[in-house]
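Grab your viewer and work through these short exercises. Each task comes with a worked solution, so try it yourself before reading on.

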Amino acid sequence: MPEPLDATQFVDYLKSLPQWEIVDDELSKCFKFASYLDGLKFTARCGEIAEEMNHHPDLLVQWRKVTVTISTHSCGALTKLDFEFARRVEGD
């Protein structure tokens, strides 16, 4: 099981993830798109990353925006795995 991170580690990881934030002990970001279909394509990419990592986010699809929220449910906290997922979603 991944190790939970402490608050000081969150700050370091967030520096490399623009516009991501910690909300209710989860890592979250709202992505905006030119069209609804662009948002759906993005969710498909998130799904591919999630399956590769075996680590699955919550995705809220709305008109021209998608909110990605993730935490490591098995340990009830944020872990390096969550930040790695976010980096991959960002294309790093």
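## Ground rules and a loop

Asp24 is exposed, at a relative accessible area of 71% (exposed means over 50%, buried under 20%, partly exposed in between, with a 1.4 Å probe and protein chains only). Keep in mind that this is a predicted model, where local features need pLDDT of at least 70, side-chain atom pairs count only at pLDDT 80 or more, and totals for chains, interfaces and linings use all residues. Residues are numbered from 1 along each chain as its sequence is written, and side-chain values use heavy atoms, with hydrogens and water left out.

**Exercise 1.** Find where Asp24 and Asp25 sit, and work out the sign of phi for each.

- Step 1: Asp24 belongs to the loop between β1 (21-23) and β2 (26-32); strands here are DSSP runs of E with at least two residues, helices are runs of H or I with at least four, and both are numbered from the N terminus.
- Step 2: Asp25 is in that loop between β1 and β2 too, and counts as exposed at 60% relative accessibility.
- Step 3: Phi is near 50° for Asp24, a positive value in a non-glycine residue.
- Step 4: For Asp25 phi is near 65°, again positive without being glycine.
- Step 5: Why flag that? Because most residues other than glycine have a negative phi.

**Exercise 2.** Is Thr67 buried or exposed, and what does Thr67 touch?

- Step 1: Look in strand β4 (residues 65-70), which holds Thr67.
- Step 2: Its relative accessible area is 17%, so Thr67 is buried.
- Step 3: Skipping residues up to four places away in sequence, the contacts of Thr67 include Ser28, Cys30, Asp58 and Leu60 (contact means heavy atoms within 4.5 Å).

**Exercise 3.** How many salt bridges does the structure hold, and which residues does Glu52 link up with?

- Step 1: The count is 4 salt bridges, each a side-chain nitrogen of Lys or Arg within 4 Å of a carboxyl oxygen of Asp or Glu.
- Step 2: Glu52 pairs with Arg88, with the closest N and O atoms 2.2 Å apart.
- Step 3: Since Glu52 is in helix α2 (residues 36-53) and Arg88 in helix α3 (residues 80-89), this pair ties together parts 36 residues apart in sequence.
- Step 4: Glu52 is exposed at 57%, while Arg88 is partly exposed at 25%.

**Exercise 4.** Which residue does Arg87 pair with, and how are the two spaced?

- Step 1: Arg87 and Glu84 form a salt bridge at 3.2 Å, N to O.
- Step 2: They are 3 residues apart in helix α3, so about one helical turn separates them.
- Step 3: Both Arg87, at 21%, and Glu84, at 31%, are partly exposed.
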